[in-house]
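Here is a colleague's note for someone meeting this structure for the first time. The numbered points below go from charged pairs to the sheet, its helices, and a few single residues.

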Amino acid sequence: MQIFDQDYWEKRYNKEETGWDIGYPSTPLKTYFDQLTQKDLKILIPGGGNAYEAEYLFQSGFANVYLLDWSITALRNFKKRVPNFPEEQLIEADFFKHTGQYDLIVEQTFFCALPKEMRTQYAQKMFELLRPQAKLIGLLFNREFEKEGPPFGGSIEEYQNLFAPHFNILVLDDCYNSIPPRQGAEAFIIAQK
């Protein structure tokens, strides 16, 4: 069985094997961010990689954005691109050992990188990291993949069952504004603690 540990992800970034990286903030997330007015939200992007979403939020005036990743290479790539981003808000760590309280957590290609047997643990950890009434928002693959992942796919029904015990699911539906290569294969989620 493949082990998807810190070493695995560091090698992927070092070899630039980052097929999930689109090089800009994904359209559905950018659209969501553009309607946010509360600039002091404390925001976490776990497994953020090169984190174009974090860059977009930070440059849009959201000063409390935290980027968490196992890969120091990914965090260094981000810091080179966004040199004025606060160093203390770049966190090299295991998501499941991270502590803190956030107003918003952004899901973008982190969930699909986790083996399916870790999904219950993911939902529980998201619940722990969010303040009361805070939200988990993001994109989840609404399809299965032919080859063994990552990415690991899933379905809206599966996600409903996974998140409902912890969250009030405000939105969990087919994503209408996915980027062309992911059109018809993504679901958008807004889940409130």
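1. A salt bridge joins the side chains of glutamate 87 and lysine 79, with 3.9 Å between N and O; the term stands for a side-chain nitrogen of Lys or Arg within 4 Å of a carboxyl oxygen of Asp or Glu. Glutamate 87 is exposed, at 52% relative accessibility, where exposed means over 50% relative accessible area, buried under 20%, and partly exposed in between (1.4 Å probe, protein chains only). By this rule for salt bridges the count comes to 8.

2. Before reading further, please keep in mind that this is a predicted model, in which local features need pLDDT of at least 70 and side-chain atom pairs count only at pLDDT 80 or more, while totals for chains, interfaces and linings use all residues. Residues are numbered from 1 along each chain as its sequence is written, and side-chain values use heavy atoms, with hydrogens and water left out.

3. Another of the salt bridges pairs glutamate 55 with arginine 81, whose closest N and O atoms are 2.8 Å apart. Because glutamate 55 lies in helix α3 (residues 52–59) and arginine 81 in helix α4 (residues 72–81), the pair ties together parts that are 26 residues apart in sequence; helices (H or I, at least four residues) and strands (E, at least two) are DSSP runs, numbered from the N terminus. Glutamate 55 is buried, with a relative accessible area of 15%, whereas arginine 81 is partly exposed at 28%.

4. Within a single helix, lysine 30 and aspartate 34 form a salt bridge with an N to O distance of 3.1 Å. Both residues belong to helix α2 (residues 27–34), where they are 4 residues apart, about one turn of the helix. Lysine 30 is partly exposed, with a relative accessible area of 33%, and aspartate 34 is also partly exposed, at 45%.

5. How are the strands arranged in the sheet? There are 7 strands in an open sheet of mixed pairing, and their order is β3-β2-β1-β4-β5-β7-β6; two strands count as paired if DSSP finds at least two bridges between them. The edges are taken by β3 (90–92) and β6 (168–174), each of which has a single partner strand, so one side of each is left without a neighbour in the sheet. Neighbouring strands are turned by 15° against each other on average, direction ignored, with axes being lines fitted to C-alpha atoms, for helices over the stretch in contact, and angles running from 0 to 180 degrees between N-to-C directions.

6. Inside the sheet, strand β4 (residues 102–107) pairs with strand β5 (residues 130–141) in the parallel sense, over 5 bridges. In one of the pairings, isoleucine 105 has leucine 136 of β5 as its bridge partner.

7. Helix α3 packs on the sheet, where it touches β1 (43–46) and β2 (65–69), and its direction makes about 160° with that of β1; contact here means heavy atoms within 4.5 Å. Helix α4 lies across β2 and β3, and runs at about 165° to β3. Buried residues of α4 include Thr73, Ala74, Leu75 and Phe78. At the start of α4, a side-chain oxygen of serine 71 comes to within 3.3 Å of the backbone nitrogen of threonine 73.

8. Histidine 98, in the loop between β3 and β4, is buried, with a relative accessible area of 9%. Its side chain makes a polar contact of 2.7 Å with that of tyrosine 102, a polar contact being a pair of N or O atoms within 3.5 Å, of which, within protein, one must be able to donate a hydrogen and the other to accept it, and residues adjacent in sequence count only if both atoms are side-chain atoms. Leaving aside neighbours within four places in sequence, histidine 98 is in contact with Leu44, Leu68, Ile91, Lys125 and Leu129.

9. Is arginine 119 buried or exposed? Arginine 119 lies in helix α5 (residues 119–129) and is buried, at 3% relative accessibility. Not counting residues up to four places away in sequence, arginine 119 touches several residues, among them Phe111, Phe152, Glu158 and Tyr159.

10. A search of the whole structure finds 0 disulfides, a disulfide being a pair of cysteine sulfur atoms within 2.5 Å. The closest cysteine sulfur to that of cysteine 112 is in cysteine 175, 14 Å away, which is too far for a bond. Cysteine 112 is buried, with a relative accessible area of 9%, and cysteine 175 is buried at 7%.
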